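Thanks for coming, everyone. Let me put the model on the screen and walk you through it.

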Amino acid sequence: MDLVRRTLAVVSSLAVGLTLVAASTATAAARESVDAGSLPTGPRPAVAYLEGRTLHLPSGSNQVLPFPASHAGSLSLLGPSPQGWVVLDRFGGSARLFKVKNGAKTSFWRTGDLSAYSWRLGVNGKRVFQLYTDRSAVSSAVVFDLAGRRVASTSFPGYATLLAFTGDRAVVVGTKTWDWLIGSPKSAISVDRAPAADIRKNILFLPDEAGTGVGPTTLGLPDAPEWVASFQPRAVSPDGSYVVGLSPNGKSVQVRDMVGGFLVRSLTIQHRSGFPLLWESDTAVVLGVKTAQGRALVRCKVTGPCKRATPFSAGARPITVSFQPHYFGD
């Protein structure tokens with residue numbers, strides 16, 4: 001446990017004072033209801049996003065990707081790579097992955113017409129993790145590079161979910177929680193099902209023995225959580241001060257501090273599980289919403305007002321961002 005405390009103290013040190021102040025007022029001021037359809041507009045996101053065929057860059061420039069107009073509602077952004085943007089096209093009865101660079105696209109992977117697939121690009125931009133679950137509740141994983149070469153494969157018992165993927169290492173939860181260094185045998189690191197992990201920060205979220213909540217421990221040496229709270233964690237802020245996630249019923253977006261798990265902010269907004277939910281900076285979250293006007297990205301700071309960061313999508317087309325999980329059936 002000393003190692004756990006030291007790890008959490010290091011990643012939290014930049015904002016300990018701020019989080020303790022926020023935690024002290026969380027009960028009175030944290031819970032809010034926000035109508036995303038009536039929010040004022042703010043600056044565009046500091047992350048790239050794809051809406052239809054148009055790639056919107058933080059610099060303010062836009063690129064129309066070389067796909068047919070009929071594919072606009074079937075495209076998802078997996079992320080940037082040294083070989084161009086990696087894009088998933090789910091048009092028709094199959095799914096294909098492309099590299100897009102200098103106005104041209106190159107296909108490098110294709111699957112059949114099965115619905116139980118998901119894909120994620122590693123944060124190093126060099127490999128893709130594909131996960132498929134069949135009806136026998138066995139999940140098959142394949143890691144391949146951007147030339148379409150299969151690098152490694154394995155299987156996980158149960159309906160598995162990829163929690164984190166750097167390109168060289170993955171954390172997967174099925175009937176247990178698994179740590180897989182690509183190219184080596186996978187190892188079970190917990191008999192419990194972890195809801196979230198951050199490989200680069202060496203953080204794993206696990207439930208406590210009583211089942212009252214979940215909290216952080218070290219990924220490299222999991223132990224009892226340092227604290228627990230009733231929520232669904234998703235991502236730790238870049239400086240390690242906060243974690244964003246969902247309420248137990250999935251209807252609210254929650255921000256908690258990483259020192260003691262105190263609720264800093266809770267937003268009931270038109271966000272659904274599976275929509276983008278990520279940290280734009282140390283103190284700002286970007287989340288996807290769907291309203292009567294269409295879909296959009298909204299920026300909410302840890303403290304302060306929320307603002308709409310993108311126009312509403314035409315025809316309610318999906319808005320996707322890098323390094324988020326993407327499913328065939330979305």
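**A walk through the model**

Let's begin at Ile-203, which lies in strand E18, residues 203-207. Keep in mind that this is a predicted model. Is Ile-203 buried or exposed? Its relative accessibility is 0%, so Ile-203 counts as buried. Now look across to Thr-218. That residue is 15 positions from Ile-203 in sequence, and the two C-alpha atoms sit 4.7 Å apart.

Let me zoom out. The protein has 29 strands and two helices. It runs to 330 residues, and 53% of them are buried. Take the contacts with a separation of 6 or more: 42% of those join residues 24 or more positions apart. The accessible surface is about 14,200 Å². Carbon and sulfur atoms hold 52% of that surface.

Next, the core. How many residues does the largest nonpolar core have? The count is 21. Val-255, Ile-269, Leu-287 and Val-298 have the most contacts inside this core. Which elements give two or more residues to it? They are six strands in a run of numbers: E21 (242-246), E22 (252-257), E23 (263-268), E24 (277-281), E25 (284-291) and E26 (294-301).

Stay on Val-255 for a moment. I leave out neighbours within four places in sequence. Val-255 then contacts Tyr-242, Val-243 and Val-244 on one stretch of the chain. The list goes on with Phe-262, Leu-263, Val-264 and Arg-265. Trp-279, Val-285 and Val-302 complete the set.

Val-255 also takes us to the cavity, since Val-255 is one of its lining residues. The count is one cavity of 30 Å³ or more. What is the volume of the largest cavity? About 70 Å³. Beside Val-255, the lining holds Val-253, Arg-265, Ser-266, Leu-267, Val-285, Leu-287, Cys-300, Lys-301 and Val-302. Sorted by class, that is seven nonpolar residues, one polar and two charged. E22, E23, E25 and E26 each supply at least two lining residues. E23 gives the most, with three. Notice Leu-287 as well: Leu-287 is on the list of core residues with the most contacts, and Leu-287 lines the cavity.

Now a glycine in a loop. Gly-37 is in the loop between strand E1 (31-33) and strand E2 (49-51). Why does Gly-37 count as buried? Its relative accessible area is 19%, and the cut-off for buried is under 20%. What does Gly-37 touch, sequence neighbours within four places aside? Its contacts are Gln-270, Thr-291, Gln-293 and Phe-312. There is also a long-range pair to point at. Gly-37 and Ala-296 are 259 residues apart along the chain, yet their C-alpha atoms are separated by 9.1 Å.

On to two lysines. Lys-101 is in strand E7, residues 95-101. It is partly exposed, at 46% relative accessible area. Again without neighbours within four places, Lys-101 contacts Pro-82, Gln-83 and Gly-84. Gln-83 is 18 residues from Lys-101 in sequence, and 7.1 Å from it, C-alpha to C-alpha.

The second is Lys-186. It sits in the loop between strand E15 (177-181) and strand E16 (187-190). At 26% relative accessibility, Lys-186 is partly exposed. Which residues does Lys-186 touch, beyond those up to four places away? One group is Thr-154, Ser-155 and Phe-156; the other is Trp-178, Asp-179 and Trp-180. From Lys-186 to Ser-155 is 31 residues in sequence and 9.3 Å between C-alpha atoms.

Last topic: backbone angles. Most residues other than glycine have a negative phi. Two residues are worth a look here. Asn-102 has a positive phi, near 55 degrees. It lies in the loop between E7 and strand E8 (104-111). Asn-102 is exposed, at 77% relative accessibility.

The other is Phe-323. Its phi is also positive, near 60 degrees. Where is Phe-323? In the loop between strand E28 (319-321) and strand E29 (326-327). Phe-323 is partly exposed, with a relative accessible area of 25%.

That's my tour. Over to you for discussion.

Note on methods
Residues numbered from 1 in each chain as written. Predicted model: local features only at pLDDT ≥ 70, side-chain atom pairs only at ≥ 80, totals over all residues. Heavy atoms only, no water. Core = buried A, V, L, I, M, F, W, Y, C linked by side-chain atoms within 4.5 Å. Buried < 20%, exposed > 50% of the residue type's maximum accessible area, 1.4 Å probe, protein only. Helix = DSSP H or I, 4+ residues; strand = E, 2+ residues; numbered from the N terminus. Contact = heavy atoms within 4.5 Å. 1 Å grid on protein atoms, 1.4 Å probe; cavity = no way out; pocket = protein on both sides within 12 Å on 5 of 7 lines; lining within 4 Å. Points joined across faces, edges and corners; volume = space filled by probe spheres on them. Nonpolar A, V, L, I, M, F, W, Y, C, P; charged D, E, K, R; others polar. Areas by Shrake-Rupley, 256 points an atom, 1.4 Å probe, with all protein chains shown as cover.
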